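Please lead me through the structure shown below, beginning at its opening helix and moving on to the core, the aromatic rings and the backbone.

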Amino acid sequence: MEHEVYMAQALTLARQAMAEGEVPVGCVIVKDGVVVGSGRNRRETARTALGHAEIEAIHQACRTLGGWRLGGCALYVTLEPCPMCAGAIVNARIPALYYGARDDKAGCCGSVLNLFEERFNHHPRIYGGVLEEECGALLQEFFQNLR
């Protein structure tokens, strides 16, 4: 299935983030079967609160496609988006979001709240649980190694 293929690419980026000491989150944005943006967590290395995988991938996709509207795209991310990233998804007009593991502390696709059900002008379709076990295991391994 194509969704698992793209999530596997996001998992590769998450593993790269983990190798750099970052929380292992990876993201790819796809349009017409082509990856137009990718990113991984870089908060620690870049020393910025904005260093989330989704923000990096959205920024790259906007450059690749030449505009801020990412209609026709699908975003794949290994962890349920936080409020900042969910807001960026709304602002970029991304129509479809696929995520792996739930985030019970900051997830905005239903774990803490569903930001996409609020009265914004854009409401992406949400598909959770894509390669959920693999995505969750990578996060669990990272945090166990911190202890």
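In this predicted model, helix α1 comprises 18 residues, from 2 to 19. The distance from its first C-alpha to its last is 26 Å, close to the 26 Å expected at 1.5 Å a residue. Its buried residues are Y6, M7, A10, L11, L13, A14 and A17. Viewed down the axis of α1, these buried residues fall within an arc of 165°, and they therefore line one face of the helix. That set of buried residues packs against four strands, β1 (26–31), β2 (34–40), β3 (73–79) and β4 (96–101), and against helix α5 (132–146). After α1 comes G21, whose phi is positive, near 85°.

The next subject is the nonpolar core. The largest such core has 46 residues, of which M7, I29, I58, L70, L75, Y76 and I94 touch the most other members. At least two residues of this core come from each of α1, β1, α3 (53–65), β3, α4 (83–91), β4 and α5. M7 thus appears both among the buried residues of α1 and among the core residues that touch the most other members. For I29, residues up to four places away in sequence are not counted, and its contacts are then V34, V35, V36, G37, A57, I58, A61, L70, C73, A74, L75 and I94. Among these contacts of I29 are I58, L70, L75 and I94, which are themselves listed with the residues that touch the most other core members.

Helix α4 also contributes at least two residues to the core. Within α4, C85, A86, G87, A88, I89 and V90 are buried. The elements that cover these buried residues include α3, β3 and β4.

How many aromatic pairs does the model contain? The count comes to 4 aromatic pairs. In one of them, the rings of Y6 and Y76 have centres 5.2 Å apart and planes at 45°, so the pair is tilted. This pair links distant parts of the chain, since Y6 belongs to helix α1 and Y76 to strand β3, 70 residues apart. Both partners are buried: Y6 has a relative accessible area of 10%, and Y76 has one of 1%. The rings of Y98 and Y127, by contrast, have centres 4.6 Å apart and planes at 15°, and the pair is therefore stacked. Because Y98 lies in strand β4 and Y127 in strand β5 (residues 125–128), this pair ties together parts that are 29 residues apart in sequence. Y98 counts as buried, at 10% relative accessibility, whereas Y127 is partly exposed, with a relative accessible area of 34%. Ring pairs join Y6, Y76, Y98 and Y127 into a cluster.

The backbone remains to be considered. Most residues other than glycine have a negative phi. R47, a residue other than glycine, nevertheless has a positive phi, near 55°. R47 is placed in the loop between α2 (43–46) and α3, where it is exposed, with a relative accessible area of 76%. R93 is another residue other than glycine with a positive phi, near 60°. This residue follows α4 and lies in the loop between α4 and β4. At 25% relative accessibility, R93 counts as partly exposed.

Technical notes. Residues numbered from 1 in each chain as written. Predicted model: local features only at pLDDT ≥ 70, side-chain atom pairs only at ≥ 80, totals over all residues. Heavy atoms only, no water. Expected span 1.5 Å × (residues − 1). Buried < 20%, exposed > 50% of the residue type's maximum accessible area, 1.4 Å probe, protein only. Arc of directions from axis to C-beta. Contact = heavy atoms within 4.5 Å. Core = buried A, V, L, I, M, F, W, Y, C linked by side-chain atoms within 4.5 Å. Phe/Tyr/Trp six-rings, centres within 6.5 Å; stacked < 30°, edge-to-face > 60°.
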